[in-house]
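Subject: Structure handover

Hi,

Here is the structure I promised to pass on. Please open it and keep it on screen while you read.

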There are 2 protein chains.
Amino acid sequence: MRSEGLEKVTLRRLATELDTGPASLYVYFRNVADLHAAVLDELLASVDLGPVGAPGDWRERLEAVLSSYVGVLMQYPPLARSALLTRPSGPCYLDLVEALVTLLREGGVEADRAAWAVDLLMQVATATGAEQATRRENPRDGDEWDVLVAAIENADVGRYPQIRDLGQLLLSGTGTTRMRWALSVLLNGILATALPVPAPASPSEINTSEGERS
Amino acid sequence: MRSEGLEKVTLRRLATELDTGPASLYVYFRNVADLHAAVLDELLASVDLGPVGAPGDWRERLEAVLSSYVGVLMQYPPLARSALLTRPSGPCYLDLVEALVTLLREGGVEADRAAWAVDLLMQVATATGAEQATRRENPRDGDEWDVLVAAIENADVGRYPQIRDLGQLLLSGTGTTRMRWALSVLLNGILATALPVPAPASPSEINTSEGERS
DNA sequence: ACCTGAACACCGTTCAAGT
DNA sequence: ACCTGAACACCGTTCAAGT
């Protein structure tokens with residue numbers, strides 16, 4: 001419907017695209033965050049969930065799904081950024097969650113742990129996508145990188161002995177290899193870390209045990 | 001110097017605060033990202049690095065430092081958001097990196113692994129801070145939560161069997177307990193996951209082995 | 001009743017004109 | 001030479017006035 005190539009997703013741009021004033025969009029969206037969420041979910045439809053049903057190692061398939069997700073985010077920097085702050089609940093987002101849970105459970109992760117693990121995996125993937133998308137669209141990124149390199153190389157030995165010791169190790173690796181390693185860390189950690197035992201609750205407060213969520 | 005209580009850090013607001021026009025700030029900062037980075041680093045000075053030199057379990061001390069960091073981010077939502085996309089290189093940021101590396105090494109993590117681990121820990125902590133800060137300042141967050149609860153409870157059983165199966169488990173736990181678990185996951189994963197063997201490089205390209213970093 | 005033009009209150013950035 | 005007022009090109013949101 002309105003899935004034309006949008007680079008800067010903004011209320012006004014979409015309004016002029018539709019030959020109307022910006023006020024009209026408030027009939028469909030209560031604010032700009034709502035609009036972003038809607039476009040984002042539309043976009044998540046293009047994430048490749050094929051690996052879920054495919055044969056092969058569940059870890060590799062999970063990595064494939066998350067890579068596809070990150071790739072989609074990187075194509076639309078502003079949406080990638082909004083994905084970090086939004087609480088998505090669209091159908092395609094749920095498809096993605098469903099896929100990740102399926103793969104985790106296939107890997108032997110029990111239900112409660114898988115539930116929390118999905119959030120963590122999505123958080124890291126989304127943050128990675130938003131970061132890389134922003135850097136990619138920022139032409140001055142090279143400069144910032146150089147500044148960081150210089151800051152590390154010239155770091156005061158007295159104040160930053162560890163940093164001086166690590167040196168280039170802090171900057172080593174490509175984005176892809178780092179993300180592959182991060183995903184391994186997460187999966188190994190998830191497999192090794194049980195959920196905390198829930199705080200003992202008296203029977204009367206069992207139904208409010210969802211917590212403050214803040 | 002200019003560390004007055006700033007809630008919305010914006011070029012113009014700071015300019016009027018200083019009784020001048022917005023153009024004047026371009027003498028000190030080349031753009032608004034630069035300004036954010038500067039203020040952020042100023043803010044990072046208030047992160048409590050005391051636990052680094054204190055006695056006790058290195059994991060708990062690392063958790064204390066990161067909690068302090070997240071707490072600082074949550075006090076300034078716009079800066080928390082910019083921290084996700086910026087490539088910080090200020091002195092206080094380096095202090096924080098130094099602290100984390102120190103604790104990781106104390107825990108027996110070897111140098112190269114610690115170098116990558118710091119980035120991952122900071123990414124998760126920063127994302128958590130930015131998320132929670134944004135939610136806290138958004139009064140409609142309750143509504144979005146309700147929408148998500150409803151979406152999960154009423155999810156189509158055919159399309160989302162796993163989600164239906166998990167149900168409230170997906171929403172269980174407070175922000176704090178989730179973050180404590182996430183940190184355990186990360187530390188367990190870091191301890192369990194060696195870096196990939198670097199791609200074999202001919203001697204001639206050893207000096208360019210920093211990678212594309214994209 | 002529904003839609004929307006125009007206005008409001010902001011942004012970041014640039015650049016010519018001042019001192 | 002250095003600083004900056006004013007202008008430019010955008011934002012998101014509201015609201016009164018139209019149909």
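Below is what I found, starting with chain A and then turning to the DNA.

First, a caution: this is a predicted model.

Chain A

The fold of chain A is quick to describe. Chain A has 9 helices and 0 strands. Read from the N terminus, the order is α-α-α-α-α-α-α-α-α. Chain A has 214 residues, and 49% of them are buried. Now take the contacts in chain A with a separation of 6 or more: 66% of them join residues 24 or more positions apart. The accessible surface of chain A is about 10,600 Å². Carbon and sulfur atoms make up 53% of that surface.

DNA strand D

Which residues come nearest to DNA strand D? They are T10(A), R12(A), R13(A), Y26(A) and A23(B), out of 14 residues around the strand. Note that A23(B) is from chain B. Helix α1 of chain A, residues 11–17, gives the most to this surface, with 3 residues. By class, the surface near DNA strand D has 7 nonpolar, 4 polar and 3 charged residues.

Now zoom in on the atoms. The side chain of T10(A) has an N or O atom 2.7 Å from a phosphate oxygen of DNA strand D. L11(A) uses its backbone: a polar atom there is 3.3 Å from a phosphate oxygen of the strand. R12(A) reaches a base. A polar atom of its side chain is 2.5 Å from a base nitrogen of DNA strand D. Of the strand D atoms within 4 Å of the protein, 54% belong to sugar or phosphate, and the rest belong to bases.

DNA strand C

There are 15 residues around DNA strand C. Those that come nearest are A23(A), T10(B), R12(B), R13(B) and Y26(B). Sugar and phosphate account for 52% of the strand C atoms that come within 4 Å of the protein. Which helix gives the largest share of the surface near DNA strand C? That is helix α1 of chain B, residues 11–17, with 3 residues. The classes here are 7 nonpolar, 5 polar and 3 charged residues.

Three phosphate contacts are worth finding on screen. S24(A) has a side-chain N or O atom 3.0 Å from a phosphate oxygen of DNA strand C. For L11(B), a backbone N or O atom lies 3.3 Å from a phosphate oxygen of that strand. For Y26(B), a polar side-chain atom lies 2.7 Å from a phosphate oxygen of DNA strand C.

Best wishes

Conventions:
Residues are numbered from 1 along each chain as its sequence is written. Chains are lettered from A and ligands numbered from 1 in the order in which they are written. This is a predicted model: local features need pLDDT of at least 70, side-chain atom pairs count only at pLDDT 80 or more; totals for chains, interfaces and linings use all residues. Side-chain values use heavy atoms; hydrogens and water are left out. Helices (H or I, at least four residues) and strands (E, at least two) are DSSP runs, numbered from the N terminus. Buried means under 20% relative accessible area, exposed over 50%, partly exposed in between (1.4 Å probe, protein chains only). Contact means heavy atoms within 4.5 Å. Accessible areas come from the Shrake-Rupley method with a 1.4 Å probe; for residues, only the protein chains shown count as cover. A residue is near a molecule or strand if one of its heavy atoms lies within 4 Å of it. A polar contact is a pair of N or O atoms within 3.5 Å; within protein, one must be able to donate a hydrogen and the other to accept it, and residues adjacent in sequence count only if both atoms are side-chain atoms. Ala, Val, Leu, Ile, Met, Phe, Trp, Tyr, Cys and Pro count as nonpolar, Asp, Glu, Lys and Arg as charged, and the others, Gly among them, as polar.
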